[in-house]
Amino acid sequence: DENMIEGEYEVHILLCDILNLQNKYDEQEIKFEVIDTPPDIKFLNIDLATKTGEKAIIKIKVSDDRQVNDVRITYKAPGMKNMETANMVNLSGTKTEGIYSFETKKFEEGGKFSFFVEATDNKQQISKTETYNITIIK
């Protein structure tokens, strides 16, 4: 249940005869813990090389036990001085799991396209991938 608050819970169950409450059939105690985990990011495709005049398309699957709020890519293409961040496009899915995509512009020069992906859930927990590099061949 997405509305359940994180923490430890204890439930006592008593099964008995409703006509005679003295006649107990079974009693159990169940303990469990609710933990909210950060989003999980899995790459669906990643081309490690492309050519000038072509684009690169990055597709990922992001899932969360409660809700994915935001998926961003931070990147630096050949010729760029600073990193830029963009929202990835949600191609399909639900609030807890979706396929996200980012398409670069056509590369005008050779070099390296560096990027990482971050996903945030509804509790502001952030997951971040390592930095990946795509080689742009002239």
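**Entry 1: aromatic pairs**

I looked up the ring pairs first and found seven aromatic pairs in this predicted model. I picked Tyr75 and Phe113 to start with, and their rings are stacked, with 5.6 Å centre to centre and 25° between the planes. This pair joins distant parts of the chain, since Tyr75 sits in strand E6 and Phe113 in strand E10, 38 residues apart. I checked both residues for exposure, and Tyr75 and Phe113 are both buried.

Next I turned to Phe115 and Tyr132, another stacked pair, at 5.8 Å centre to centre and 25° between the planes. Phe115 is in strand E10 and Tyr132 in strand E12, 17 residues apart, and this pair also links distant parts of the chain. Are these two buried or partly exposed? Phe115 counts as buried because its relative accessibility is 0%, and the cut-off for buried is under 20%. Tyr132 has a relative accessible area of 24%, so I noted Tyr132 as partly exposed.

Then I followed the ring pairs further. They link Phe43, Tyr75, Phe102, Phe107, Phe113, Phe115 and Tyr132 into a cluster.

**Entry 2: the nonpolar core**

I looked up the largest nonpolar core and found 20 residues in it. Which residues have the most contacts inside this core? They are Ile60, Val71, Met88 and Phe113. I met Phe113 above, in the stacked pair with Tyr75. The elements giving two or more residues to the core are strands E5 (57–63), E6 (68–76), E9 (97–103), E10 (111–121) and E12 (132–137).

I took a closer look at Val71. Leaving out residues up to four places away in sequence, Val71 touches Ile60, Val62, Ala86, Asn87, Met88, Tyr100, Val117, Glu118 and Ala119.

**Entry 3: the largest pocket**

I asked for the volume of the largest pocket, and the result was about 310 Å³. The lining has 14 residues, and Tyr75, Ala77, Met80, Lys105 and Lys106 lie nearest the pocket centre. Tyr75 is thus a residue to look at twice, as part of the ring cluster and of this lining. How many lining residues are nonpolar, polar and charged? I wrote down seven nonpolar, one polar and six charged.

**Entry 4: Asp64**

I finished with Asp64, which lies in the loop between E5 and E6. Why does Asp64 count as buried? Its relative accessibility is 8%, and buried means under 20%. Setting aside neighbours within four places in sequence, I found Asp64 in contact with Asp36, Thr37, Pro38, Pro39, Thr96, Asp121 and Asn122. I also looked up Thr129, which is 65 residues from Asp64 in sequence and 15 Å away in space, C-alpha to C-alpha.

Note on methods. Residues numbered from 1 in each chain as written. Predicted model: local features only at pLDDT ≥ 70, side-chain atom pairs only at ≥ 80, totals over all residues. Heavy atoms only, no water. 1 Å grid on protein atoms, 1.4 Å probe; cavity = no way out; pocket = protein on both sides within 12 Å on 5 of 7 lines; lining within 4 Å. Points joined across faces, edges and corners; volume = space filled by probe spheres on them. Nonpolar A, V, L, I, M, F, W, Y, C, P; charged D, E, K, R; others polar. Core = buried A, V, L, I, M, F, W, Y, C linked by side-chain atoms within 4.5 Å. Buried < 20%, exposed > 50% of the residue type's maximum accessible area, 1.4 Å probe, protein only. Helix = DSSP H or I, 4+ residues; strand = E, 2+ residues; numbered from the N terminus. Contact = heavy atoms within 4.5 Å. Phe/Tyr/Trp six-rings, centres within 6.5 Å; stacked < 30°, edge-to-face > 60°.
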